[in-house]
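Biologist: I have just opened this one and would love a friendly tour. Shall we go through it together?

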Amino acid sequence: VPSASFHEVAELELDAVYRYLVLMTGNRTVAEDLTGETFEKALRLWRRFDPNRASARTWLCQIARSAALDHFRSEDRRRRREERFAGKEPRVEHDAFGDGFSPELELALRALSAGEREVIALRVLLGLDGRTAARLLGISATACSTRLSRALQRLEETVGDHVLA
């Protein structure tokens, strides 16, 4: 979208970035906060966006991924501090991944690693091609394809186990 304004790009990509962050974090409230943070940062950096290097969706997902990784590191530090001072493990509350997911799919998504959920979000949910997703993840296209294949296989097995149970 070379001639698009930030407002047009934000309106077009807001839902996709939010869905990506929901799958990455497993928490809609955190995803909302990180989505806001992503678009805030993107607005500040908009003049540096080069549509010849990446699509707006890819560029926004790179910003969103950085925001999510920063959040995870910050939460990990906070949790360790709480454990150290309270002498016990803090309660972790899980929010739903999104509306419209069956309980079986929710459980299956929780069973996946964050990396597996992320590759599914990038390739399946956002429809990024293998090379673009691999570049975003910092891995080879082959590794990305392998990770996606294994993640989908685990997802299918886990959903199948819950449906049969």
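**A first look around**

Modeller: Happy to! Let us begin with a pocket: L45, R48, F49, D50, R53, A54, W59, Q62 and R135 form the lining of the second largest one. Please keep in mind that this is a predicted model.

Biologist: How many of the residues lining the second largest pocket are charged?

Modeller: The pocket holds about 260 Å³ of space. Its lining includes R48, D50, R53 and R135, and Asp and Arg belong to the charged class. Beside four nonpolar residues and one polar residue, the number of charged ones is four.

Biologist: Stepping back, what pattern does the chain follow along the sequence?

Modeller: The chain has zero strands and seven helices. Read from start to end, the pattern is therefore made of helix symbols alone: α-α-α-α-α-α-α.

Biologist: Which element has the lowest mean pLDDT?

Modeller: For the whole chain the mean pLDDT is 85, with 87% of residues at 70 or more. Among the elements, helix α2 (residues 28–45) has the highest mean, 96. The lowest mean, 82, belongs to α4.

Biologist: Where do the buried residues of helix α4 fall, seen down its axis?

Modeller: Helix α4 covers residues 103–111, and its buried residues are E106, A108 and L109. Looking down the axis, they fall within an arc of 165 degrees, so they line one face of the helix.

Biologist: Is E118 buried or exposed?

Modeller: E118 sits in helix α5 (residues 114–125). Apart from neighbours within four places in sequence, E118 has contacts with Y20, M24, R65 and L137. Its relative accessible area is 5%, and the cut-off for burial is under 20%, so E118 counts as buried.

Biologist: And S145, is it buried, partly exposed or exposed?

Modeller: S145 belongs to helix α7 (residues 141–164). Its relative accessibility is 41%. Because that value lies between the cut-offs of 20% and 50%, S145 is partly exposed.

Biologist: What separates the C-alpha atoms of S145 and V119?

Modeller: Along the chain, S145 and V119 are 26 residues apart. In space, their C-alpha atoms are separated by 8.8 Å.

Biologist: Last one: what share of contacts between residues at least 6 apart joins residues at least 24 apart?

Modeller: The chain has 165 residues, and 39% of them are buried. Taking the contacts between residues at least 6 apart in sequence, the share that joins residues at least 24 apart is 62%.

Definitions and conventions: Residues numbered from 1 in each chain as written. Predicted model: local features only at pLDDT ≥ 70, side-chain atom pairs only at ≥ 80, totals over all residues. Heavy atoms only, no water. 1 Å grid on protein atoms, 1.4 Å probe; cavity = no way out; pocket = protein on both sides within 12 Å on 5 of 7 lines; lining within 4 Å. Points joined across faces, edges and corners; volume = space filled by probe spheres on them. Helix = DSSP H or I, 4+ residues; strand = E, 2+ residues; numbered from the N terminus. Buried < 20%, exposed > 50% of the residue type's maximum accessible area, 1.4 Å probe, protein only. Contact = heavy atoms within 4.5 Å. Arc of directions from axis to C-beta. pLDDT = per-residue confidence, 0-100.
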